Amino acid sequence: MASSIQRYRLLTQAAFFILFALAPVFDLFRIDLNLKHLIFFGMDWTLGVDDFVAGKAGVAQVTLNLLLRGMLPIALIVGGGVWVSWKYGRLYCGWLCPHFSVVETLNNLLRRATAKQSVWDRHRLPERNPDGSETKANPAYWPLVVGMSLAFAFVWAVVLLTYLLPPAEIYGNLWRGTLTRNQAVFITAATVAFFVEFLFARHLFCRFGCAIGLFQSLAWMGNRKALVIGFDRRRAEACASCDAACDNVCPMRLKPRAIKRHMFTCTQCNRCAEACSQVQIANSEGTLLKWVSNECALDKSARDFGHRVDIPGHCYRGKEN
Ligand code: SF4
Ligand code: SF4
């Protein structure tokens with residue numbers, strides 16, 4: 001059964017996916033290539049450069065527009081994003097990103113079809129889940145894996161196009177079957193590209209191809225006290241009786257007991273820590289993995305540089321995550 005953290009995460013992911021799909025429809029945010037400017041919360045978000053060129057606005061006005069409508073929003077978004085990532089890591093990826101929710105959905109389906117979360121996994125995952133339930137691989141799930149990959153790819157392609165051209169035009173043309181040649185080419189090419197990516201390289205894109213993910217990871221690595229999944233290595237012998245449940249559940253295919261550098265792309269989904277608390281449910285000392293920060297995070301980050309610092313006694317006390 002999903003924990004309350006995973007239920008919250010599912011809710012935030014679903015809400016953000018809906019926002020991602022509907023933001024252009026409600027003119028919350030889109031770039032209109034016909035109008036050649038942004039639409040932001042129903043407003044035409046222009047810098048007034050056209051008025052300046054036409055002699056209708058002065059240098060002072062256009063400079064103010066550039067600062068208030070250009071640089072300030074960018075600074076606020078980038079600054080806010082860097083601060084959150086510096087302190088909490090890739091929260092955006094694990095809790096909001098509409099790509100990562102596709103990654104997790106398809107990982108779960110593929111596991112049902114093949115006992116692997118990715119076609120590139122070398123070994124099949126055990127049938128037994130950390131909570132004691134079983135998931136047996138059944139190839140009958142393959143059509144669902146392929147069908148859902150295709151459906152997500154098509155949705156992504158159409159939604160992306162509505163960020164560039166008026167949504168009413170795109171959805172209207174789709175409904176009537178009257179897409180222009182360029183619109184049809186865009187949707188077909190993007191659907192094929194996303195389909196291949198979703199099927200074969202979804203978590204690889206998150207790990208190696210996403211600029212938003214990369215910048216969050218870099219900011220996070222710059223803070224040795226940032227929130228991180230810590231491992232109580234003082235009790236590592238407890239892992240001997242476990243089949244690496246934490247590694248098995250990680251949607252990014254990371255090894256959560258590793259040093260921070262090797263968890264560069266961790267999305268703070270907390271699934272590894274919950275798996276550990278489930279397999280160690282009978283352990284009076286509780287889980288070996290949990291979110292830690294400040295002085296408790298130093299053990300994980302200091303080992304990036306070959307240092308071993310003492311883990312303060314309170315860091316892993318208690319069973320809760
Ligand atoms: S950290 Fe927990 S889940 Fe991971 S191998 Fe050790 S006991 Fe198992
Ligand atoms: S290491 Fe843990 S928290 Fe990070 S992505 Fe993997 S399962 Fe999620």
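This is a short tour of two ligand sites, one helix and one hairpin in a predicted model.

Before you click, note that residues count from 1 along each chain as its sequence is written, while chains are lettered from A and ligands numbered from 1 in the order in which they are written. In this predicted model, local features need pLDDT of at least 70 and side-chain atom pairs count only at pLDDT 80 or more, whereas totals for chains, interfaces and linings use all residues.

**Ligand 1.** Select ligand 1 and the 13 residues around it, taking those whose C-beta atom, placed from the backbone, lies within 6 Å. Cys239, Cys242, Ala245, Cys246 and Cys276 come nearest. Helix 11 and helix 12 are the elements that give two or more residues to this shell; helices (H or I, at least four residues) and strands (E, at least two) are DSSP runs, numbered from the N terminus. Helix 12 gives the most, 3 residues.

**Helix 12.** Now select residues 271-279: 8 of the 9 are buried, so helix 12 is largely enclosed by the rest of the structure. Buried means 20 or more other C-beta atoms, placed from the backbone, within 10 Å of the residue's own. Among the buried residues are Cys272, Glu274 and Cys276.

**Ligand 2.** Move to ligand 2, where Cys250, Pro256, Cys266, Cys269 and Cys272 come nearest of the 14 residues around it.

**The hairpin.** Finish at residues 29-32 and 37-40, strand 1 and strand 2, which run antiparallel and are joined by 4 bridges; pairing takes at least two DSSP bridges. Ile31 has Leu38 as its bridge partner. Of the 4 residues between the strands, pick Lys36, whose phi is positive at about 65°.

Conventions
Buried ≥ 20, exposed ≤ 12 C-beta atoms within 10 Å, placed from the backbone.
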